[in-house]
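Grab a coffee and open the viewer. Below are a few short exercises, each followed by a worked solution.

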Amino acid sequence: MLALFAITALGLAVGMLRLGGVALGSAGVFFVALGFGHFGVALPREITELGLVLFVYSVGLEAGSRFFSLLHGRGLALLAVGTGATAAGALGAALIALALGLSAPMAAGVFCGATTCTPALASALDAIRSAAPDVAYLASVAYGATYPFSVASVVLTAQLLPRWLRTTPDAAADEYHLEEAARTPPLEQCVFRVENPNCVGRTIEDLVSLDMFRAVLCRVKRGSRVEPARPGLILELGDAVLAVGPPQELAKLEALIGGVVVEVMHDANGRVTSDEVVVSRGSAIGRTLGELCLWERFSVVVSRARRDGIEISPDGHFRLEPGDLLRLVGPPDAVASVTTLLGREEARLNETSLLPFAAGIALGAALGAIAIPLPGGLRMQLGPAGGALLVGLLLGRFGALGPLRLHVPVAVKHFGRELGLVIFLAGAGSAAGEQFLTIIAQTGVRLFLAGALVTAATTATAILVACRVLRWNALVGDGAVCACLTNPAALSAARRLADSEAAAVGFASVYPVALLSKILLAPALYLLLARLT
């Protein structure tokens, strides 16, 4: 404990020092740990793995909802970035090994170390031990020699990339927020005059059942009387109907009901009120609005919902999650009843249920341990980190593990991510520092040069494809570059550039593709060079 947290504290202090506007940040922990490792201070390997698992699991929970929306729209692009950069690194490692006379095990270790991927090293070692167990240690030696430079260089790249792309982090963050707003346009409200004869004599429920629009009907004004849009309310010619929804859906309502009018829809007599409630009651979480029957039972309309800063026009299929902010419209007594039904237990939102949290990590570890057979007698494993990331992404998207609902406050996600990162860096640095100087003395500059070139090839390809060919946002591209190098410290540096989740979204989107590619390519690289040499 003394060694772990002394390394962490000193490393974070070193990481705060700035030189030319650039700081190491969390990567300072790694370099302080190198020094401790050189003098014989080593941390158990299990602690290192625990830190990595906590880090990637928290990143998955944080970015899960955005990852799947990106995957749906940019699946081929994610494959191009992740596999393209990884393949460039593997090809570079093969060519450099042939040019410098490095053995096949050392080439595989250089590839894994220069792209900072421990699961890939495990996959390569499995292949080497099956063919030539006596030389498997050479891969670990090469990994330890090339890993430090890759960590440092990618951390610096992450901080300098927006400048290279001729933008600023704040400008890139603003651009990202505008792109997200365009993808999910803000809700608007509009009042329509009932002019279509086909709507006259129909109930509000009749219109909704047509399934022709994705907007919410909130209030109806007849003469000077305003009342909630109850399911059984029959529309008459000249009624004014207030609706809330995206602009394109409101345009559909205009064609269906009638023209837009300027009308005061406030009820001065207090028959209709509106209020906001934060979903926090356990009996409501995980259920849809249709299942709760708020409209049918209480004549209360949920006109808007806000989740993760995004406004949504909810329908009956909208499933409630902890922390959702709902706008309720209806009779005052009914709104008060619905508020009690859905919320008034906000203190629970600051708590994390450890049962589904721990179960998710356990499931990720189990997935990572599954051996996937490959041609040539090889096996592939995602490892605990790869499995934890996939489960974290799924939980971040769906918020449940079977019947168990998982709500993790933002502060807890941040704490888990940062704690896991510094623990991982402390363990990895102390392990690499144990033989770092000895390895460099034995191999001269060959391993260092090979690792630097492989890191450069992987980084340059990631930047070229993500930021130049695909023209991704600079911060999203920054996160993608960090993912191509599977470098948590670099992601931490990229996240500190601006107040935006853009880098985390880019990292979580590309990381699974890059990780799988490296796990497959590392043993393939060894087998290819073993046959050629």
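**Exercise 1.** Which residues does Leu253 touch, not counting residues up to four places away in sequence?

*Solution.* One thing to keep in mind throughout: this is a predicted model.

- Start by placing the residue: Leu253 sits in helix 9.
- Now list its neighbours. Leu253 touches Phe192, Phe213, Ala215, Leu217, Ala243 and Gly258, leaving aside residues up to four places away in sequence.
- Then check the burial. Leu253 has a relative accessible area of 0%, so it falls under the 20% cut-off and is buried.
- For a distance check, try Gly316: its C-alpha atom is 18 Å from that of Leu253, and the two residues are 63 apart along the chain.

**Exercise 2.** Is Glu249 buried or exposed? Work out its surroundings too.

*Solution.*

- Glu249 belongs to helix 9, which spans residues 247-256.
- Its relative accessibility is 9%; buried means under 20%, so Glu249 counts as buried.
- With residues up to four places away in sequence set aside, Glu249 touches Phe213, Arg214 and Ala215.
- Compare the two contact lists: Phe213 and Ala215 are among the residues touched by Leu253, and Glu249 touches them as well.

**Exercise 3.** Describe the aromatic pairs that involve Phe507, and say where the rings sit.

*Solution.*

- The structure holds 4 aromatic pairs.
- One of them joins Phe55 and Phe507, with 6.3 Å centre to centre and 80° between the planes. Over 60 degrees counts as edge-to-face, so that's the label for Phe55 and Phe507.
- This pair bridges distant parts of the chain: Phe55 is in helix 3 (residues 45-100) and Phe507 is in helix 20 (residues 502-532), 452 residues apart.
- Phe507 also pairs with Tyr511, at 5.0 Å centre to centre with 35° between the planes, which makes the pair tilted.
- Here both partners lie in helix 20, 4 residues apart, or about one turn of the helix.
- Put the pairs together and you get one aromatic cluster of Phe55, Phe507 and Tyr511.
- Burial next: Phe55 and Phe507 are both buried. Phe507 has a relative accessible area of 1%, and Tyr511, at 4%, counts as buried too.

**Exercise 4.** Which residues touch the most other members of the largest nonpolar core?

*Solution.*

- The largest nonpolar core has 112 residues, and Val56, Tyr57, Val81, Cys112, Trp472, Phe507 and Val510 touch the most other members.
- Ask which element contributes most: helix 3 does, with 16 residues.
- Take Val510 as a sample. Excluding residues up to four places away in sequence, Val510 touches Leu78, Val81, Gly82, Trp472, Ala480, Ala483 and Cys484.
- Don't stop there, though: a second, separate core of 29 residues includes Leu187, Ile204, Cys218 and Leu233.

**Exercise 5.** Sketch the whole protein chain in numbers.

*Solution.*

- Secondary structure: 20 helices and 14 strands.
- Extent: the C-alpha atoms fill a box of roughly 90 × 50 × 45 Å along the principal axes.
- Burial: 53% of the 533 residues count as buried.
- Contacts: among those with a separation of 6 or more, 81% come from residues 24 or more positions apart.
- Surface: the protein chain exposes about 23,000 Å², and carbon and sulfur atoms supply 62% of it.
- Charge: there are 40 positive and 40 negative charges, and their mean positions are 4 Å apart.

Key
Residues are numbered from 1 along each chain as its sequence is written. This is a predicted model: local features need pLDDT of at least 70, side-chain atom pairs count only at pLDDT 80 or more; totals for chains, interfaces and linings use all residues. Side-chain values use heavy atoms; hydrogens and water are left out. Helices (H or I, at least four residues) and strands (E, at least two) are DSSP runs, numbered from the N terminus. Buried means under 20% relative accessible area, exposed over 50%, partly exposed in between (1.4 Å probe, protein chains only). Contact means heavy atoms within 4.5 Å. Accessible areas come from the Shrake-Rupley method with a 1.4 Å probe; for residues, only the protein chains shown count as cover. Lys and Arg count as positive and Asp and Glu as negative; His and the chain ends are not counted. The place of a charge is taken as NZ of Lys, CZ of Arg, CG of Asp or CD of Glu. Rings of Phe, Tyr and Trp (its six-membered ring) pair if their centres lie within 6.5 Å; planes under 30 degrees apart count as stacked, over 60 as edge-to-face and the rest as tilted. A nonpolar core is a set of buried Ala, Val, Leu, Ile, Met, Phe, Trp, Tyr and Cys residues joined through side-chain atoms within 4.5 Å.
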